[in-house]
Amino acid sequence: MTFRSSPIPPGVLTVGAVTFTVFAWASAFVSIRSAGAAYSPGALALGRLLAASLVLVVLLLVRRQGPPPRGAWRGILVSGVVWFCGYTIALNWGERLVDAGTASLLVNTGPILMALLAARLLGEALPPRLLAGMAVSFAGAVVVGLSMSAGGGGSTSLLGVVLCLLAAVAYATGVVAQKPALSFGTPLQVTAFACLTGTVACLPFTGQLLRELPEAPVSATLNMVYLGVVPTALAFTTWTYALARMPAGRLGATTYAVPAIVVLLSWALLGEVPAWLTLLGGALCLAGVAVSRRTPRAARGAAEDGRLGAGQT
């Protein structure tokens, strides 16, 4: 999955990796919503990561790649526990309470959170556009929360909004931790061992998975396996491939397309369409991200390649 010997130009491979990742992660929101009817959040996370780990270990063996260098392990462990385990459980739980489209709109506040973490952990500045974007995204999250409360879900739906925002925080933390690890290990190594770390962290849910597996419909189990193979094992590898070759800020901006794809897929496959007020709030969330990531034209070329900025299920 490192594409080293391919005759295809690297730029084309990077675009292809980004495109595959975006569509795979969009499909994950729909599959989680479907499988979550039969599996509890922790059990679904464990089943997904087990399937992903199996595929990634096979890829490691085929590519003859062993453990990553020592310098990569800190980022791998943090991204494994926080992103692969924490994000997955929070999103699984959140999607039991809100529809797939709303979940994707909220999770895609991740890039602005990445910018905040980069400022805190890497000493980057907080420019006025970032603060303005934070205000717009916060207003959008409030609108989404109000729309869910007004929709009859009460505090339960608001809990779903909070869980999806926690998933966004976990996603942002995982990307910020993962970026430095790619300076030491290959994308496949970083993805595989982060996934294995997340799987170990989810092992306390083994009993739940074993109890629910025999009673779950085949469609739910197939969705769980799909989540492990495509959006996790393959899409996380293509994500890290692209992350190693382009600024995280530019890469994070590509995930703005995910909510639109999710809304279309959930409408076609699940018959779900978020309420207009929810869509408005989600649009404000993404508008805030866009404002925060906007770089003045004069400084764009020099700054874009030299910073971590921001970066995504």
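**Helix crossings in an all-helix chain**

Okay, let's start with one pair of helices: α2 and α9 cross in a right-handed way. Quick reminder before I go on: this is a predicted model.

So who actually touches whom in that pair? On the α2 side, the contact uses Ala 43, Leu 44, Gly 47, Arg 48, Leu 49, Ala 51, Ala 52, Val 55, Leu 56 and Leu 59. On the α9 side, you'll find Met 224, Val 225, Leu 227, Gly 228, Val 229, Pro 231, Thr 232, Ala 233, Leu 234, Phe 236 and Thr 237. Sort those residues by class and you get 16 nonpolar, 4 polar and 1 charged. As for the geometry, the two axes come within 7 Å and cross at roughly 50°. With angles under 35 degrees counting as roughly parallel and 65 to 115 as roughly perpendicular, α2 and α9 are therefore oblique to each other.

Let me zoom out for a second. What is the protein chain made of? It has 13 helices and 0 strands, so if you read the elements from the N terminus on, you just say "alpha" again and again. The chain has 313 residues, and 53% of them count as buried.

Now my favourite part, helix α7, which covers residues 187-201. How far apart should its ends be? It has 15 residues, and at 1.5 Å a residue they should span 21 Å; the end C-alpha atoms are indeed 21 Å apart, so the two agree. This helix is mostly covered, with 12 of its 15 residues buried. Among the buried ones are Pro 187, Leu 188, Phe 193, Cys 195 and Gly 198.

What is covering it? Let's look at two of its partners. One is α9, residues 218-243: here the helices pack at about 135°, with axes 8 Å apart. That angle makes α7 oblique to α9, and the crossing is right-handed. From α7, the contact takes Pro 187, Leu 188, Thr 191 and Cys 195; from α9, it takes Thr 232, Ala 233, Phe 236, Thr 237, Thr 240 and Tyr 241. In terms of class, that's 6 nonpolar residues, 4 polar and no charged.

The other partner is α3, residues 73-94, whose axis comes within 7 Å of the α7 axis, crossing at roughly 55°. That makes α3 oblique to α7, and this crossing is right-handed too. The α3 residues involved are Trp 73, Ile 76, Leu 77, Ser 79, Gly 80, Val 81, Phe 84 and Cys 85. They meet Gln 189, Val 190, Thr 191, Phe 193, Ala 194, Cys 195, Thr 197, Gly 198 and Ala 201 of α7. The split by class here is 11 nonpolar, 6 polar and no charged.

Let's pick a residue from each side of that. Click on Thr 191, which sits in α7. Buried or exposed? Buried: its relative accessible area is 0%, and anything under 20% counts. And which residues does Thr 191 touch, ignoring neighbours within four places in sequence? The answer is Leu 56, Phe 84, Ala 233, Phe 236, Thr 237 and Thr 240.

Now click on Gly 80, over in α3. Gly 80 is buried as well, with a relative accessible area of 0%. Setting aside neighbours within four places in sequence, Gly 80 contacts Cys 85, Ala 194, Thr 197 and Gly 198. Here's a nice one for thinking about folding up a chain: Gly 80 and Val 190 are 110 residues apart along the chain, and their C-alpha atoms are separated by 9.4 Å.

While we're on buried things, have a look at α4, residues 100-107. All 8 of its 8 residues are buried, so this helix is largely enclosed by the rest of the structure. The residues run Ala 100, Gly 101, Thr 102, Ala 103, Ser 104, Leu 105, Leu 106 and Val 107.

Last stop, the outside. Arg 64 is in the loop between α2 and α3. Buried or exposed? Exposed, because its relative accessibility is 78% and the cut-off is over 50%. There's a backbone oddity here as well. Most residues other than glycine have a negative phi. Arg 64, though, has a positive phi of about 55° and is not a glycine.

That's my tour, thanks!

How values were computed. Residues are numbered from 1 along each chain as its sequence is written. This is a predicted model: local features need pLDDT of at least 70, side-chain atom pairs count only at pLDDT 80 or more; totals for chains, interfaces and linings use all residues. Side-chain values use heavy atoms; hydrogens and water are left out. Axes are lines fitted to C-alpha atoms, for helices over the stretch in contact, and angles run from 0 to 180 degrees between N-to-C directions. Helices (H or I, at least four residues) and strands (E, at least two) are DSSP runs, numbered from the N terminus. Angles under 35 degrees count as roughly parallel, over 145 as roughly antiparallel, 65 to 115 as roughly perpendicular and the rest as oblique. A crossing is left-handed if the near helix is turned anticlockwise from the far one by less than a right angle, and right-handed if clockwise. Contact means heavy atoms within 4.5 Å. Ala, Val, Leu, Ile, Met, Phe, Trp, Tyr, Cys and Pro count as nonpolar, Asp, Glu, Lys and Arg as charged, and the others, Gly among them, as polar. The expected span of a helix is 1.5 Å times one less than its number of residues. Buried means under 20% relative accessible area, exposed over 50%, partly exposed in between (1.4 Å probe, protein chains only).
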